Amino acid sequence: MSHLNFKAIGKALRLAPAALLPGLVFVASARADHRHTLPGHKELHPHTRPAQPREIPDQKEHLPDRISGSDLVQGLPPSWRATLLNAPAASPTEKTDSRPKPAPAPLPAVTTATAPSGADLPVATSQASQDRILLPIPPKAGIAAFESGDRFIIIVDNAIPIDTSAIHGDGVFSSLSVDVLPDATIIQLRRSDSRPLFLSQQSDGWVLGLKPPLDIPQQDRRTINPHVVATGVLYPMRRSGRVLSVSDPASGARLLIGTSLLDDGGVTSMRRTPGYDVWPTNEGVVVSARDAEITLSAVPSGLLLNRDGHSMVDDGQAVYANDIDLEWLALKDLGDTALRQRFHDAFLAAADSSPSKRFEARVKEAQAAFSMGAFTEARGILAVALRDDPEEIGRPEIRFLTEATALMSGDLEDASGLDGPWPEKQQRAAQLWRALYLAQADQIDARGTHRLVLDLDRIRSYPANVRDILLPLAAETIARNATPTDLPALNKLPQSSGFQLSRALANMRLGRTDAARRSLEHLRTDRDPVIAEKAAESEIVLDHMQGKLSPQQMIRALDAIILDARLAGREMAVRLTQAEAFLQLGDWQNAALMIDQGVPPGRPSALMSKRNTILLKALKGLAEIPATGLDNQQVLRNAALLRAHIAGLPNGPEQASLQAAYGKLLLSIGLIDDGSKALETAVPALESPEDKASAGLALAKLAIQQRDAARALQTLDMTESETVSPELRAQRNVARAEIALLDGNTAKGLNILKDAQGQSARLVSAATFENQGDWAAATHELKIVAQENLPAKGTLSDVAQDLALRLASDAARAGDDTTLKWLAGRIDGRAMSPSRASIFSLLTQHAPPPTLSAGNP
């Protein structure tokens, strides 16, 4: 690894004329020698050194970074080299090259379509009057943006002339001024109100606006989340710019300003600490340095803040970049001894506090317990405090602390409030804890997982007792749910076995099965029984994914590791994987029984969420098995299994859908009362128009069978929808035709049936014609049905035999010898039941019998 030493620049940035730059003065840097480079995050906790990680058997398990060469800085313009106080060091992985380097290229010319005729300068333009302006800053220039007094200030780390004439007189931006120095550009905007300003980057510059960018919600924007490394506090950036020293125009304080070349966001809250403050920013990092030894330097992975090149003693108090972490949770990344002392002091302070100050003292005691990892104790302290002062739960910071403590204690029900909403200023910072809650509840999607990726460095800065719980959870969630572009974030994590497992799971999803298998085989012998069991289970799943194991073989292979899973406390997770394999086989009953025997219901958790999802699929499969072809005992067993589970499922449209299927199943085996009751209970809770219309049709058919036309029509009208499938709409139209026929309106019923078409409509039409004695018309309808449903070869089912016998009877009564001959040829001597065979032979081999009276077929 090469070490870069930066000598202090002997002269300050040149002062601009006072008229051009009121109140803003550049001063010389006091820092000279940076002897330390960032050692690659080898130490997460500044007070205790972790054990050396085990070696990975093959470094190919790392995920592809998907970073192109165009994302890297390819040179420094001469003016930057002359005035920069600090620039990113060379990456430790870069090879040195002693060949002469070509002269760095100057910044590319900036062109804008809106430049006035004859103008030589890039033009700042208004993109949407009064709302946004475009600042044509080239992509190789870094910026920092912050507020000072009544000014909003943007520092560009290179001289970029910008013509502002196009925006003068345009609302709030009319006061915008641009001052170009030989080595920097200062953009200032005097503010007359407290409306927030937003910055976003696009291909042709930066957009400054009164409204957030439309493409990315504010809660999903990047922020800078610092964390402690061996040599100080690192503010991570994808591409850091330069560090400048500036005098604050409002206070005169010495500001160390670190710029960013990409839109990495800023620091969300003010951080005050002895010797320096870290200011809130829109972009970049701004440090108000009161002590001369405070330094801010650019490194390959961002900006490094330290004292004379060494870590600071106040790291535990100063690294957090938002109010939630530093104030609401009051996190402090201290050693165990210091954390215990903090808790002891808070305990004594709470005991000695006066009644008026006791609640706040108890909150500090709970916060101290939280940082120490004593989450159960923290919950108890908060419970006592809120019992005495219940009105305090209305404060968002108290509610957040209570729910975060519940999450860390594994109580998802009490932690559900983390899903929000939260005050606007804290919404971005609250997104991490919302994503952690959703991950634990197994409700997270790719967007929520992306928020974990954005705040991964923030978790790494947490106290060890909090970090050791959250970081593995975040890593495994990212591995299982993140998009391929987010998965390389796992490469930044330590090389311990838990994070190796996450990278192996990610490689499985990316199709890098060889790398995944090497890691999994290595981890199967890990000393941590949970990691060893997860690796063994994942390897079995990988074999199934690659076609090496059938679902039955996978179930048996998982049975072989069930004792290890039991020792690791993961038996229920393995049983759920087996249940999923039964689902693949369509073995709904065994899937449900596996869950019943291996995963009993419990408190809300990710495991219970997955259990309910698999169980619901199994029960739906059972409910959708056609009753035809099954003996009544099997149908009754399926119905009993459904009934035993429906009451235990959470209320909602899915439970209602299952209840409706259960009701139809009962109707199919003649349990009219129970079936109709189940359907009537389900219909109001159904959300899908298709499900509601289908359940309504079943109830309407039951009413038709009971000859209750009014109730049947009312049921159809209540469940009507324009968005149902054509097949279901045709069936409902047939039911309406039957209602009309039941009411005695034969003409209306036949017209509806004629328009409906389909097998059901023709069968009802045939029955109507039979009742009228119109055998020729009935024969016509039945022959069309027979042509579609009587198989030309093979065994005849009972339904097919009944259809053939009915057609033969109607054709014989109609004297339709042609149809009788066609039907005899279609059946072609195939076996029927004895009673049907004798009647069919009699009808098709002799002349039609005399016409009988209508309604007596």
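**Briefing: a buried threonine, a hairpin and two nonpolar cores**

Threonine 259 counts as buried because its relative accessibility is 0%, below the 20% limit that defines the term. The model is predicted. The points below cover the setting of this threonine, one antiparallel strand pair, and two nonpolar cores.

**Threonine 259**
- Threonine 259 belongs to strand E13, which spans residues 254-260.
- The side chain of threonine 259 reaches the backbone nitrogen of arginine 242 at 2.8 Å.
- Leaving aside residues up to four places away in sequence, threonine 259 touches Met237, Ser240, Gly241 and Arg242, as well as Gly142, Ile143, Ala144, Ile155, Asp157 and Leu303.

**Strands E6 and E7**
- Strand E6 (residues 177-180) and strand E7 (residues 185-190) run antiparallel and are joined by four bridges.
- The connection from E6 to E7 is a hairpin of four residues.
- Within this pair, valine 180 stands opposite threonine 185 of E7.

**Nonpolar cores**
- The largest nonpolar core has 68 residues, of which Leu329, Phe370, Phe400, Trp433 and Leu436 touch the most other members.
- Helix H8 (residues 427-440) gives the most to this core, contributing nine residues.
- Apart from this core lies another, of 39 residues, which includes Val574, Ala592, Leu641 and Leu665.
- Leucine 329 touches Phe370, Phe400 and Trp433, together with Ile324, Gln367, Leu401 and Ala404, when residues up to four places away in sequence are not counted.

How values were computed:
Residues are numbered from 1 along each chain as its sequence is written. This is a predicted model: local features need pLDDT of at least 70, side-chain atom pairs count only at pLDDT 80 or more; totals for chains, interfaces and linings use all residues. Side-chain values use heavy atoms; hydrogens and water are left out. Two strands pair if DSSP finds at least two bridges between them. Helices (H or I, at least four residues) and strands (E, at least two) are DSSP runs, numbered from the N terminus. A nonpolar core is a set of buried Ala, Val, Leu, Ile, Met, Phe, Trp, Tyr and Cys residues joined through side-chain atoms within 4.5 Å. Buried means under 20% relative accessible area, exposed over 50%, partly exposed in between (1.4 Å probe, protein chains only). Contact means heavy atoms within 4.5 Å. A polar contact is a pair of N or O atoms within 3.5 Å; within protein, one must be able to donate a hydrogen and the other to accept it, and residues adjacent in sequence count only if both atoms are side-chain atoms.
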